[in-house]
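Please find below some comments on the chain you sent round. They are kept to the points that can be checked against the coordinates.

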Amino acid sequence: MRSGDDYDDSGTGGTDKVFKALADETRRRLLDRLHERNGQTLGELCGQVEMTRQSVTQHLAVLEAANLVSTVRRGREKLHYLNPVPLHEIQERWIDKFERPRLRALGELKRRAEEATMTDKPTFVYVIYIHSTPETVWDTLTDADLTAVYWGHSNVSDWRPGSRWEHRRTDGSGIADVVGTVVESERPTRLVATWADPQKEADPEAHSRVTFDIRPHGDIVRLTVTHEDLADEGEYADVSGGWPAVLSNLKSLIETGSPLPQEPWLVP
């Protein structure tokens with residue numbers, strides 16, 4: 001299992017690992033398979049690339065080190081998810097600025113074609129490393145006063161399985177913009193809750209599901225957020241921009257005592 005030092009998303013180290021990972025045809029095929037269907041086990045991936053488990057495991061380790069693949073434990077299974085963030089950063093830095101208009105048109109055409117054939121609901125996975133303890137990370141995710149500081153909303157619940165939770169505005173109105181039910185609650189390592197617009201709460205099909213996996217690694221914590229059962233690609237795009245901003249603010253609050261100086265979700 002890799003440590004937080006294996007990937008540097010702020011400098012050239014992370015970019016070098018991404019390019020190295022993408023240079024191998026087998027690793028590109030594994031990413032293609034996860035793009036077609038996210039959340040696959042090692043056995044499923046082995047069957048699709050016709051390689052031994054040991055070889056596929058080695059290739060997946062390189063992809064994890066480059067932050068291109070994230071893993072989530074689900075019972076006895078270990079599921080692998082494509083992490084699009086490093087690819088998006090490379091696209092913005094090395095491709096978009098040269099061919100932005102034409103590639104946007106082609107990308108939109110590809111997106112529409114994929115939407116027309118997509119049957120599974122999208123899943124977003126994001127991993128962040130925090131200099132902290134699992135207990136502190138848990139409390140920062142669930143304490144109403146702390147979430148108000150870095151999220152702009154208060155997460156309110158007793159956080160017992162089966163209990164209701166609300167994502168309330170901090171303007172004193174008491175209005176909840178997101179509601180749901182606590183599915184699993186195992187302090188300080190795992191929290192699972194449904195996620196829904198209050199106006200659509202009565203419709204089970206309108207609920208998505210968020211899982212927080214908190215794992216210690218020495219003096220740091222690996223926090224994995226999995227947001228699954230998203231309605232469509234539009235909702236996927238919204239959470240793809242929202243979660244990195246919120247979790248960066250959480251990390252700043254824990255490590256420095258203050259959130260970021262500007263609300264990161266407002267950055268263009």
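The numbered points go from the whole chain to its cores and then to one hairpin.

1. The model is predicted. The chain has 268 residues, and 41% of them count as buried. Its secondary structure consists of eight helices and nine strands.

2. About 14600 Å² of the chain is exposed, with carbon and sulfur atoms supplying 50% of that area. Taking contacts between residues at least 6 apart in sequence, 49% join residues at least 24 apart.

3. The largest nonpolar core holds 31 residues, and the members that touch the most others are Val-137, Leu-141, Phe-212, Leu-223 and Trp-243. Among the elements that give this core two or more residues are strands S3 (124-130), S6 (176-186), S8 (208-217) and S9 (220-228), together with helices H6 (134-142) and H8 (233-256). H8 provides the largest share, eight residues.

4. Leu-223 deserves a separate entry. Leaving aside residues up to four places away in sequence, Leu-223 touches Tyr-126, Val-127, Ile-128, Ile-130, Val-137, Leu-141, Phe-212, Asp-213, Ile-214 and Leu-247.

5. A second core is separate from the one above and has 17 residues, including Leu-30, Cys-46, Ala-66 and Val-69.

6. Val-69 also appears in the strand pairing, where it stands opposite Leu-82 in S2. Strands S1 (residues 69-74) and S2 (residues 77-82) run antiparallel and are joined by six bridges. The two strands form a hairpin with two residues between them, and Gly-75 in the turn has a positive phi of about 70°.

Notes
Residues are numbered from 1 along each chain as its sequence is written. This is a predicted model: local features need pLDDT of at least 70, side-chain atom pairs count only at pLDDT 80 or more; totals for chains, interfaces and linings use all residues. Side-chain values use heavy atoms; hydrogens and water are left out. Helices (H or I, at least four residues) and strands (E, at least two) are DSSP runs, numbered from the N terminus. Buried means under 20% relative accessible area, exposed over 50%, partly exposed in between (1.4 Å probe, protein chains only). Contact means heavy atoms within 4.5 Å. Accessible areas come from the Shrake-Rupley method with a 1.4 Å probe; for residues, only the protein chains shown count as cover. A nonpolar core is a set of buried Ala, Val, Leu, Ile, Met, Phe, Trp, Tyr and Cys residues joined through side-chain atoms within 4.5 Å. Two strands pair if DSSP finds at least two bridges between them.
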